[in-house]
Amino acid sequence: MDVTTQTCDVCGREKREVNHWLLAIVKPGFEGILIQPVEAAQPPRAPGFIYEDLCGQACAHTRLSRYLDELNLLFTATQESEKQ
Ligand SMILES: [Zn+2]
């Protein structure tokens, strides 16, 4: 059994018990982010995808905001290049 300590990829908190942890699932080159309960994403994890552990709703919000910020930068960059 895997006994490595799981930590939240946003705030670094250690996972102690199963209490509404979430997963953020992203794939390089895929535009989008999937957030789902840990329980719903049973192993095996799909190869090529990046799974990030989130300790709860607050960190899921933070992770989503981060994603949207990245998206915004991407949109802004696209608009800038279209102007030229
Ligand atoms: Zn967290």
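Tutor: Let us begin with a definition: two strands are said to pair if DSSP finds at least two bridges between them. The structure above is a predicted model. In this model, I25 has Y51 in β3 as its bridge partner.

Student: What makes β1 and β3 a pair of strands?

Tutor: Five bridges link β1 and β3, in the antiparallel sense. The definition asks for at least two bridges. Five bridges are found here, so the two strands pair by that definition. Besides the bridge between I25 and Y51, V26 stands opposite I50 in β3.

Student: How do you know that β1 and β2 pair, and in which sense do they run?

Tutor: The same test applies. Four bridges join β1 to β2, and the two strands run antiparallel. Since the definition requires at least two bridges, β1 and β2 count as paired. I25 takes part on this side too, for it stands opposite L34 in β2.

Student: What is the order of the strands in the sheet?

Tutor: The order is β2-β1-β3 in an open sheet of three strands, with antiparallel pairing.

Student: Why are β2 and β3 said to stand at the edges?

Tutor: Each of these strands has a single partner strand, so one side of each has no neighbour in the sheet. From one strand to the next, the twist averages 25 degrees.

Student: Where does the helix lie with respect to this sheet?

Tutor: The helix α1 packs on the sheet and touches β1, β2 and β3; its direction makes about 140 degrees with that of β3. The buried residues of α1 are C59, A60 and R63, and these residues pack against β1, β2 and β3.

Student: How do you know that the length of α1 agrees with what is expected of a helix?

Tutor: One compares two values. At 1.5 Å a residue, the 27 residues of α1 should span 39 Å, and the end C-alpha atoms of α1 are 39 Å apart, so the two values agree.

Student: Which residues make up the largest nonpolar core, and which elements supply them?

Tutor: The core has eight residues: C8, L22, L23, A24, L54, C55, C59 and A60. Both β1 (22-26) and α1 (57-83) supply at least two residues of this core. The largest share, three residues, comes from β1. As a general tendency, nonpolar side chains in soluble globular proteins are buried together.

Student: What does L22 touch, apart from residues up to four places away in sequence?

Tutor: L22 touches I35, Q36, P37, V38, L54, G56 and A60. Two of these, L54 and A60, are also members of the core.

Student: Why is W21 called partly exposed?

Tutor: W21 has 19 C-beta neighbours inside 10 Å. A residue is buried with 20 or more and exposed with 12 or fewer. The value of 19 lies between these limits, so W21 counts as partly exposed. W21 is found in the segment before β1. Leaving aside neighbours within four places in sequence, W21 is in contact with K15, V38, D53, L54 and C55.

Student: Why is R45 called exposed?

Tutor: R45 has 12 C-beta neighbours inside 10 Å. The limit for exposed is 12 or fewer, so R45 counts as exposed. R45 is placed in the loop between β2 and β3. The C-alpha atoms of R45 and L71 are separated by 25 Å, and the two residues are 26 residues apart along the chain.

Student: What makes G48 an exposed residue?

Tutor: G48 has 9 C-beta neighbours inside 10 Å. That number falls within the limit of 12 or fewer, so G48 counts as exposed. G48 is found in the loop between β2 (34-37) and β3 (50-54).

Student: How many helices and strands does the chain have, and how do they follow one another?

Tutor: The chain has one helix and three strands. From the N terminus on, the elements run β-β-β-α.

Student: Why is the chain called more spread out than a compact globule?

Tutor: The radius of gyration of the chain is 15 Å, whereas the globule rule gives 12 Å for 84 residues. The value is well over that of the rule, so the chain is more spread out than a compact globule. Along its principal axes, the C-alpha trace spans about 55 × 25 × 20 Å. Of the 84 residues, 11% count as buried.

Conventions:
Residues are numbered from 1 along each chain as its sequence is written. This is a predicted model: local features need pLDDT of at least 70, side-chain atom pairs count only at pLDDT 80 or more; totals for chains, interfaces and linings use all residues. A nonpolar core is a set of buried Ala, Val, Leu, Ile, Met, Phe, Trp, Tyr and Cys residues joined through C-beta atoms within 7 Å. Two residues are in contact if their C-beta atoms, placed from the backbone, lie within 7 Å. The radius of gyration is taken over C-alpha atoms; the globule rule is 2.2 Å times the number of residues to the power 0.38. The expected span of a helix is 1.5 Å times one less than its number of residues. Axes are lines fitted to C-alpha atoms, for helices over the stretch in contact, and angles run from 0 to 180 degrees between N-to-C directions.
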